[in-house]
Amino acid sequence: MTDTVTLYTYFRSSCSAKLRIALHLKQIPFTCVYVNLLKGEQSSPAHLAINPSGTVPVLVIQHDSKASVVITQSLAALEYLEEVFPEQGPTLLPAVSDPEGRALVRMLADIISCDIQPVTNLRILKRVGPLGVDRAVWSKDLMEDGFRAYEAVVKESAGKFSVGDSITIADLCLIPAAWGAQRFGVDLSRFPVTNEIVKNLEMEDAVQKGHWRSQDDTPEEFRQTTVHPD
């Protein structure tokens, strides 16, 4: 297989981080195209032609034997990588013979993607400010609600990671959300099972490679070539 993989990404985008980590886990070579959200590059005509939503990430796979694929939503991209590259790296979903396990992983991923991640989104935060609320406080409160729900579910399923001892899509959603939450002052130690999973994930080489502090577009003041848990 000689597929060419391109990821449109921004260093601080938590959804981009999910895919960076997944690609490193799967040991899939990829090329990054950096889209600076603070400069509005996501709204350029060139980017909108690729992703009409005007967001990152965008996963583009040019297959050698079929038409290229463009995926503009991170969860869909994660499942696509698992389905197209099942033999590379860890399996990111439980086996098809375990529908309950697969549903659990997806449920945990949705708690992050629907309840936690959106309130850190730059587009959302820009719209909250004019309403007269403190954006950071507003985001922190909603993130804590999401992590409280995650903790309630994951304490029944966790091993080393969110569902047993293998990294799944749930973990790929969790770790960037944890980084974002820490930036907003969320005390993850209030969620002990989740916090322990985050610490375990931060020991993984693929997670360190995908960390927002270690990207080529990370500004120098934030850069860290090797990331270790606190």
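Select strand 1 (residues 4-9) and strand 3 (residues 58-62) in this predicted model: the two strands run antiparallel and are joined by 5 bridges. For a reference point on this pairing, pick Val 5 in strand 1 and look across to strand 3, where Ile 61 stands opposite.

Keep strand 1 selected and add strand 2 (residues 31-34). Here the pairing is parallel, with 4 bridges between strand 1 and strand 2. Label Thr 6, then find its bridge partner in strand 2, which is Thr 31.

Next, show the surroundings of strand 1. Of the 6 residues in strand 1, 5 are buried, so the strand is largely enclosed by the rest of the structure. Buried here means under 20% relative accessible area.

Now add helix 1 (residues 14-25) to the selection of strand 1 and strand 2. Together, strand 1, helix 1 and strand 2 form a β-α-β unit, and this unit is right-handed.

Clear the selection and move to the helices. Select helix 3 (residues 74-84) and helix 7 (residues 169-183), whose axes come within 11 Å and cross at roughly 140°. Because angles over 145 degrees count as roughly antiparallel, and this one is roughly 140°, helix 3 is oblique to helix 7. The crossing of these two helices is right-handed.

Finally, show side chains where the two helices meet. On the helix 3 side, display Leu 75, Leu 78 and Glu 79. These residues meet Ile 169, Leu 172 and Cys 173 of helix 7.

Conventions:
Residues are numbered from 1 along each chain as its sequence is written. This is a predicted model: local features need pLDDT of at least 70, side-chain atom pairs count only at pLDDT 80 or more; totals for chains, interfaces and linings use all residues. Side-chain values use heavy atoms; hydrogens and water are left out. Buried means under 20% relative accessible area, exposed over 50%, partly exposed in between (1.4 Å probe, protein chains only). Two strands pair if DSSP finds at least two bridges between them. A crossover is right-handed if, with the strands pointing away from the viewer, the path from the first strand over the helix to the second runs clockwise. Axes are lines fitted to C-alpha atoms, for helices over the stretch in contact, and angles run from 0 to 180 degrees between N-to-C directions. Angles under 35 degrees count as roughly parallel, over 145 as roughly antiparallel, 65 to 115 as roughly perpendicular and the rest as oblique. A crossing is left-handed if the near helix is turned anticlockwise from the far one by less than a right angle, and right-handed if clockwise. Contact means heavy atoms within 4.5 Å.
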